[in-house]
Amino acid sequence: MKYNFDVVLHDSRLSRMKWEFELKKSADPDLLSFGTADMDFRSPQPILDAISAIADVGHLGYPYISDHYYSSIENWLHRATGWCVDVRSCAANNVGIYTAVWTILDAFTQLGDEVIIQTPAHFCFTSMVKDNDRSLVENPLREVNGRYEMDFEQLERSFSNKTKLFWLCNPHNPVGRAWTKEELMKLAKICLAHRVPILSDDVYCGLTYPGISYTPIASLSRDISQNTITCYSTSKSYNTTGVKYSFCITENPELLKKYNKSLQKLDLTYGFNIIGIAITEAAYEQCDDWLAELMGYVQSNMQKTEQFLKDEMPRVSISHADSTYFAWMDVSCFHLPADDLVEMLKREAHILVCSGAELGKGGEGHIRFNLACPASILEEGLKRFGQFYQKHLHI
Ligand SMILES: Cc1ncc(COP(=O)(O)O)c(C=O)c1O
């Protein structure tokens with residue numbers, strides 16, 4: 001192993017939402033956080049070097065986006081997925097992923113229009129649609145033999161003449177599925193038949209387990225690409241969430257024009273994030289080996305967790321994941337609302353996890369446990385969870 005993911009970061013200057021904020025909020029110095037979708041590892045060195053290089057030059061003015069930036073994305077997409085796309089003419093930068101989603105909602109939908117999502121989904125999927133006075137249509141995923149699948153029959157029934165957008169998450173937070181070509185093809189054909197464009201949030205695309213590949217839905221055919229806008233960021237895969245930088249790609253000039261118009265309303269076509277640009281180049285050009293080792297480590301954490309549950313907590317199960325760093329756990333055996341269970345875990349076991357109750361249909365009875373941490377932290381968290389299980393289920 002070239003990289004050491006066992007290191008527990010200790011630095012009084014750390015200021016993370018997942019840890020320092022939660023520790024302060026709970027006033028519990030023993031709390032272990034498996035909550036916020038961030039990783040506990042140091043960001044890859046080439047990314048840190050890219051930021052240092054900017055500081056060395058000593059100028060933080062509006063950046064010029066060179067060809068190098070576009071070719072770093074093009075080469076990465078081609079290398080990682082086989083998709084050949086002329087990024088120069090098809091991409092637009094943005095702040096975070098959700099700012100991009102907001103501008104897409106603004107560009108492609110109007111007040112009252114329906115947006116389809118597949119639940120359970122990150123809580124912002126629901127809030128982003130509802131808070132912007134669009135109408136949310138949930139097409140819950142189905143769990144089949146411990147693995148989540150899309151429900152195509154139900155999806156067919158979900159469209160109406162007010163449906164203006166399908167919002168895909170690939171790979172999917174929280175269930176950890178990197179959708180296969182076949183699944184994506186089926187989905188894309190249904191959306192095309194209903195003339196509904198696809199917004200694909202691919203923020204977790206680097207986080208596939210060894211041997212699993214990520215497929216951009218737009219790469220499947222020209223027609224599908226013309227019906228899709230895809231959101232990317234280095235944030236989740238390379239531990240850069242705090243930079244808040246993303247970019248979107250669509251090969252459809254009409255969609256791009258509408259999207260750019262929406263960006264203009266917020267002055268987002270002028271001046272870009274100088275750090276976002278530099279780290280995007282570094283991530284896509286110099287971090288393949290780091291990412292591969294990271295996902296080997298996360299997979300090993302998943303295997304440890306599965307084994308622990310099997311041995312010590314057999315009534316809790318994890319759905320089969322092939323991507324992301326989440327363990328999506330069925331905790332219905334506690335017969336408690338997920339929010340209450342999360343509160344009790346925090347108070348009694350001193351572990352913080354995410355409640356599935358906030359994640360839409362299919363989320364109740366589940367928690368999301370973040371595995372992107374050193375194995376020693378995971379082992380301690382699982383030990384505490386196991387003690388809690390024994391106490392409450394009287395085993
Ligand atoms: C699926 C998904 N998309 C987007 C985001 C947030 O992205 P950003 O912070 O860039 O807005 C998250 C955060 O957890 C997420 O889970």
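**Exercise 1. Which domains does the domain assignment of the chain give?**

Solution. The model is predicted. Step one: read the assignment. Domain 1 covers 17–43 + 288–393. Domain 2 covers 47–286. Step two: place the two parts. Their centres, taken over C-alpha atoms, are separated by 26 Å.

**Exercise 2. Find how many residues of each domain are in contact, and describe the side of domain 1 that touches domain 2.**

Solution. Start with the counts. Domain 1 puts 28 residues in contact with 35 residues of domain 2. Next, look for the elements on the domain 1 side. α12 (288–312), β12 (326–330) and β15 (366–370) each supply at least two residues there. The most comes from α12, with four residues. Last, sort that side by class. It has 10 nonpolar, 13 polar and five charged residues.

**Exercise 3. Check the span of helix α3 (residues 67–81) against the value expected at 1.5 Å a residue.**

Solution. Count the residues: α3 has 15. The expected span is 1.5 Å times one less than that number. For α3 this gives 21 Å. Now take the end C-alpha atoms of α3. They are 21 Å apart, so the model agrees with the expected span.

**Exercise 4. Name the buried residues of α3 and what they pack against, then look at the residue that follows the helix.**

Solution. A residue is buried if 20 or more other C-beta atoms lie within 10 Å of its own. In α3 the buried residues are Y69, S72, I73, E74, W76 and L77. They pack against α4 (87–90), β2 (91–94) and α11 (274–286). After α3 comes G82, with a positive phi near 85 degrees.

**Exercise 5. Compare the reach of helix α14 (residues 375–393) with its expected span.**

Solution. α14 has 19 residues. At 1.5 Å a residue, 27 Å is expected. From first C-alpha to last, α14 reaches 26 Å, which is close to that value.

**Exercise 6. Work out where the buried residues of α14 lie around its axis, and what covers them.**

Solution. List the residues. L378, G381, L382, F385 and Y389 are buried in α14. Look down the axis of α14. These buried residues fall within an arc of 100 degrees, so they line one face of the helix. Then turn to the face away from the buried side. There α14 carries the exposed residues S376, Q390 and K391. Go back to the buried residues of α14. Their cover includes β1 (32–33), α12, α13 (338–349) and β13 (351–352). Finish at the end of the helix. H394 follows α14, and its phi is positive, near 50 degrees.

Definitions and conventions:
Residues are numbered from 1 along each chain as its sequence is written. This is a predicted model: local features need pLDDT of at least 70, side-chain atom pairs count only at pLDDT 80 or more; totals for chains, interfaces and linings use all residues. Domain bounds come from an automatic or database domain assignment. Two residues are in contact if their C-beta atoms, placed from the backbone, lie within 7 Å. Ala, Val, Leu, Ile, Met, Phe, Trp, Tyr, Cys and Pro count as nonpolar, Asp, Glu, Lys and Arg as charged, and the others, Gly among them, as polar. A residue is buried if 20 or more other C-beta atoms lie within 10 Å of its own, exposed if 12 or fewer, and partly exposed in between; C-beta atoms are placed from the backbone. The arc is that of the directions from the helix axis to the C-beta atoms.
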